[in-house]
Amino acid sequence: MIDSEGGQLGIMPASRALELAAEKNLDLVKIAPQAQPPVCKIMDYGKYRFEQAKREKEARRNQHIVDIKEVRLSLNIDTHDFNTKLNHTQKFIKSGDKVKVTIKFRGREMGHPELGTAIMTKFADACQEFANVEKPAKLEGRNMIMFLAPKSNK
């Protein structure tokens with residue numbers, strides 16, 4: 001048994017504990033019902049629930065939802081287009097989002113997946129300073145997909 005200030009009251013029957021709680025106009029709450037004997041505390045349960053809800057609301061407010069943005073490349077991408085895609089990726093990563101980099105193979109391009117791998121490697125190397133490769137480039141059907149994540153600040 002623990003009182004409202006956090007002091008130990010010792011082991012006592014449930015009826016005596018309820019009487020003590022009633023005298024102080026507070027509630028008797030089981031903190032550890034699995035323990036032998038169960039641990040109970042005298043507290044204002046309504047106030048406790050309110051403070052707990054307040055803490056959860058504050059935690060939800062401070063969390064950031066990570067979105068997955070997509071950047072599409074092609075096998076015959078030119079330097080300026082490549083740099084534009086790189087700048088978009090950098091902007092997405094800086095805002096804390098993950099980036100899915102995709103190359104879609106069309107027609108006879110399917111015969112040269114090594115060209116797609118080369119472009120993906122070049123893109124990953126260009127993103128090295130601000131992003132980590134979360135999943136390396138992998139061919140799935142007609143698409144080659146790679147995931148980039150923000151670098152963790154350790």
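Thr102 is buried, and the reason for saying so is that its relative accessibility comes to 7%, where the cut-off for that label is under 20% relative accessible area. I should say at once that this is a predicted model, and that everything I describe this morning is computed from it. Thr102 sits in strand 4, which runs over residues 98-104. If we set aside residues up to four places away in sequence, Thr102 touches a run of neighbours made up of Glu70, Val71, Arg72 and Leu73, and in addition Met120, Asn143, Met144 and Ile145.

Let me turn now to a pair of helices. Helix 3, residues 79-94, packs with helix 4, residues 113-126, at an angle of about 50 degrees, and the two axes are 11 Å apart. Helix 3 and helix 4 are therefore described as oblique to each other, since angles of 65 to 115 degrees count as roughly perpendicular and those under 35 degrees as roughly parallel. As for handedness, the crossing of helix 3 past helix 4 is right-handed.

Which residues make the contact between these helices? From helix 3 they are Phe82, Lys85, Leu86 and Thr89, and from helix 4 they are Ile119, Lys122, Phe123 and Ala126. Sorted by class, the contact of helix 3 with helix 4 comprises 5 nonpolar residues, 1 polar residue and 2 charged residues.

Two of those names deserve a longer look. Searching the whole structure gives 2 aromatic pairs. In the pair formed by Phe82 and Phe123, the ring centres are 5.5 Å apart and the planes stand at 85 degrees, so the pair is classed as edge-to-face, the cut-off for that class being over 60 degrees. Because Phe82 belongs to helix 3 and Phe123 to helix 4, the pair ties together parts of the chain that are 41 residues apart in sequence.

Are these two rings' residues buried or exposed? Phe82, at 6% relative accessibility, counts as buried, and Phe123 counts as buried too, with a relative accessibility of 0%.

I will finish elsewhere in the chain, with Gln52, which is found in helix 2, residues 45-62. Gln52 has a relative accessible area of 23% and is therefore partly exposed, given that buried would require a value under 20% and exposed one over 50%. Between the C-alpha atoms of Gln52 and Leu9, two residues that are 43 residues apart along the chain, the separation is 25 Å.

Technical notes: Residues numbered from 1 in each chain as written. Predicted model: local features only at pLDDT ≥ 70, side-chain atom pairs only at ≥ 80, totals over all residues. Heavy atoms only, no water. Helix = DSSP H or I, 4+ residues; strand = E, 2+ residues; numbered from the N terminus. Buried < 20%, exposed > 50% of the residue type's maximum accessible area, 1.4 Å probe, protein only. Contact = heavy atoms within 4.5 Å. Axes fitted to C-alpha atoms, helices over the stretch in contact; angles between N-to-C directions. Parallel < 35°, antiparallel > 145°, perpendicular 65-115°, else oblique. Left-handed = near helix turned anticlockwise from the far one by under 90°. Nonpolar A, V, L, I, M, F, W, Y, C, P; charged D, E, K, R; others polar. Phe/Tyr/Trp six-rings, centres within 6.5 Å; stacked < 30°, edge-to-face > 60°.
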